[in-house]
Amino acid sequence: MAAADTPVLLLNAPLVASRLGYPDLSGLDLLELFAFVHPARFCVPTPRGLAEALGLEEPQGDENVPAFLQAAAGALMAICESAEWPEREGAWSALQNLVRLRWPWAQVLGPFLARPAKAERWLFSKLPEWEEAPERAAPRQVELSPNAVLARLDQLTGAGAEQREGQRAYSCDAAEVFSPRDRRGAPHLLLAQAGTGIGKTLGYLAPASLWAEESGGTVWVSTYTKNLQRQLRQESRRAWPAERPDGSPPVVVRKGRENYLCLLNLEDALQGGFAGRAAILAQLVARWAAYSQDGDMIGGDLPGWLGTLFRKRGVAALTDQRGECVYAGCPHYRKCFIERAARSSAQADLVIANHALVMVNSARGRDTGQRPTRIIFDEGHHVFEAADSTFAAALTGQEAIELRRWIVGPERNSRGRRRGLAARLADVSSYDEAGGDAVEAALEAAHALPSDGWLQRIHEGAPSGPVEALLAQVRAATYARDESGGQEAGYGIETEAAALPGELIEAAGDAEEALAAIRAPLMKLGTRLEAILADAPDWLDAQGRARIEGARHSLAWRIDTLAAWEALLERLGGPADPEFVDWLAVDRSEAREFDVGIHRHWLDPMKPFAKVVLEPAHGVMLTSATLTDRSEAGPDWDSAIARSGAAWLDAQPQLTAADSPFDYASRAEVLIVTDIRKGDLPALAGAYARLIEASGGGVLGLFTAIRRLRAVHGRIADRLAREGLPLYAQHVDPIDTGTLVDIFRDDPRASLLGTDALRDGVDVPGHSLRCVVMEQVPWPRPDILHKARRLAGGGNAYDDRIIRARLAQAFGRLIRSKEDAGHFVVLSPAFPTRLLTAFPPGTPVLRLTLEEALQRIASGVFGTGNPATGVNESVGEEPA
């Protein structure tokens, strides 16, 4: 009642509301004020983090937090009055807009913010414009000598740094991928396993920076997690300055279009496209955009917590999620963050990207001359998963309705700035009659695709159009074959695309014809656009040409998608293609259906990866701490080669390995708890609570099912909070994953529960992470795709490789530096001995009861030479 009646001073209102079970809680949130006062700056969204960001004394104990929040508010107000406030420009104008939107802080801030002497420029007039640069020359062919590489490595590590022989050997091996290529289609390929602590980042940046300097070429480093991208950007400063003498950046971070702020979407939001709280978010994002380094909204300098303060998908709505960019047709084209990043990367020495972008850019990049030819895949153990996603096809209701929206544009009462194909190419249609006819034909044919309300119509048995009719048959067949007995009502269901009913096959034929009728005019339109560019009319200026080039690129993407869907439907009812795995699926979440469709994945996605990414490249390196599987026979390079795409090349990869320098035998141990029965949720929750208490926090808990994670969190969070041990959880707390990790890293008494994303994406060296707890052995989910690959990959041995990789990745979170120490706990009475090779050689492994494990954790006992109860199965040694 107090919270509802009074403007309460808060820190992270959604989190507080979630903890109180009061979803409508609102008030004066200090995080919103911080985002206004210090746009493009990050602070950990806790009292401790805010204190550090503002240079205030950290509150000692919860009872001191209310007074601290008042002090923090006062400090932020004082900044607004200060003449030294670096982010003053634009603040007064933004505040006037926020007053009209009734932002809770607006009236409070008013007296502290003086009106500027002259009118402030609008965001869209003060953003700098990017400039065209001449095409970069092809890199010179150079050989890197080992001595030069080692000298560059010494320069990067710094004078007086300890020389690590493993790192030096690794760096020299990495230099081989920059040698001139001998044959077309046969790149230099290096698979390099580098144990944690080797220093692989500087190890490969040494030859990469040397080659870029001597050849004038560009190196792409690809990662899987945003955390490593941030780390790479920091490490790269040792090798390159922030700017060249001409002001251009030698290092550029590149991501997919959906990560960057779309200025046209922002303008629409600021001019009434957003309402309520979302409109306030748009104003704060506009403040940020004026100070952002690169406009990256996902993992860049926009605080990850900002979007979650407003609950709805406001941040996503401000990016180009649907690929609807009009390129040079946009009034903000010359200031576009995405276009700036693309042009900067073409001139950069180092481009830091992610696996998906590298693959998509290779498959359908707009400029073939800018596709990467020297690539380092860090976190190389994830290349298989990234390729699996990139080269898959899915004809689903959600995908089909997005295609319809891209072609047709707004229908009925839809809001926003969405523009259809006719609006985006209006001038072309008026100039070229054949092109105009193609647009009209595509619009007419696109009405065969699902429209708003398609899922409801399917439920009611009244599908509209051939594609909706197909989806209705897919849903019916999937439910008819469901053998879960309703036990998994909250999860999606699937069935093989084999022995299908005649009604479904007939519906697939009708849908295939409808898709072909859409693809044909789109192909014709692409041809007409090419003709206009080849014989350009007088009115076609440089911007118009760029817009048509962009339209051609977007068209090619949709044409390829339609062709993949047609190929998928053509195979239904016929013999199975041994290269693919096809299945039908109904996607559900919390017992609610949200999509229906047909899926196709490559049995081995590394085949298209090798063709599209590896063959055109000159040198490629895949590196990771868990690149190979460690079986009882030793490192398994065969599996690493198979999952790299090397098997599909006419070239032999080079293999190298560098062991971790960390003393796992004395700094870590694996505790396998044998008395927590599988399926006993109360016992599982009790074990987690007692382990966190024994460790005094600092626990990373990893789950294989979201449902169990939520259940455990719900049972123990309050108990732990009362003891001063905060517990955060992915899929529970309304905070993005990156911010959850930042909070966990910042508070040594905090613990964090999560799923797969935390098994790899967490880098928390030091005391904040001292215990990793897995709820059970991470068995692979036996879905249709996994069963097909398991059959082709050796049965149980295939499963064991996956499990050992997951265990190795999870264990890798524990020891990040030579000072780190801790326990790795698995709550599983049935842990097969053959999986123990996942852990580094010499790591002690104890099978013991929960009580015995608690004693070791509470007393800080770990490693060899310590008194142990239970069975010692030290990895790499005979069981004691």
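**Strand β16, an antiparallel sheet and helix packing**

In strand β16, the side formed by Ala-668, Val-670 and Ile-672 and the opposite side formed by Glu-669, Leu-671 and Val-673 all consist of buried residues. The model is a predicted one. Strand β16 spans residues 668–673, and because six of its six residues are buried, the strand is largely enclosed by the rest of the structure. Two strands pair with β16 in the parallel sense. Strand β21 (residues 822–826) is joined to β16 by five bridges, and strand β22 (residues 845–848) is joined to β16 by four. Val-670 takes part in both pairings: its bridge partner in β21 is Phe-824, and in β22 Val-670 stands opposite Val-845.

A second region of strand pairing is an open sheet of four strands, arranged in the order β8-β11-β10-β9 with antiparallel pairing. The edges of this sheet are formed by β8 (393–396) and β9 (493–496), each of which pairs on one side only. From one strand to the next, the twist averages 20°. Helix α27 (residues 542–571) packs on the sheet, where it touches β8, β10 (580–589) and β11, and the direction of α27 makes about 85° with that of β11. The edge strand β8 pairs with β11 (residues 592–602) through four bridges in the antiparallel sense. Within this pairing, Ala-394 is set opposite His-599 of β11.

Helix packing was examined for α13 and α14. The axes of α13 (residues 263–273) and α14 (residues 277–289) come within 9 Å and cross at roughly 135°. This angle makes α13 oblique to α14. The crossing of the two helices is left-handed. On the α13 side, the contact is made by Leu-266, Ala-269 and Leu-270, whereas α14 contributes Ala-282, Gln-283, Val-285 and Ala-286. Of the residues in the contact of α13 with α14, six are nonpolar, one is polar and none is charged.

Helix α12 (residues 226–236) also contains buried positions, namely Asn-227, Leu-228, Gln-229, Leu-232, Glu-235 and Ser-236. The buried residues of α12 pack against both helices and strands: the helices are α11 (200–215) and α33 (737–746), and the strands are β4 (219–223), β5 (251–253) and β6 (350–354).

Terms used:
Residues are numbered from 1 along each chain as its sequence is written. This is a predicted model: local features need pLDDT of at least 70, side-chain atom pairs count only at pLDDT 80 or more; totals for chains, interfaces and linings use all residues. Side-chain values use heavy atoms; hydrogens and water are left out. Two strands pair if DSSP finds at least two bridges between them. Axes are lines fitted to C-alpha atoms, for helices over the stretch in contact, and angles run from 0 to 180 degrees between N-to-C directions. Contact means heavy atoms within 4.5 Å. Angles under 35 degrees count as roughly parallel, over 145 as roughly antiparallel, 65 to 115 as roughly perpendicular and the rest as oblique. A crossing is left-handed if the near helix is turned anticlockwise from the far one by less than a right angle, and right-handed if clockwise. Ala, Val, Leu, Ile, Met, Phe, Trp, Tyr, Cys and Pro count as nonpolar, Asp, Glu, Lys and Arg as charged, and the others, Gly among them, as polar. Buried means under 20% relative accessible area, exposed over 50%, partly exposed in between (1.4 Å probe, protein chains only).
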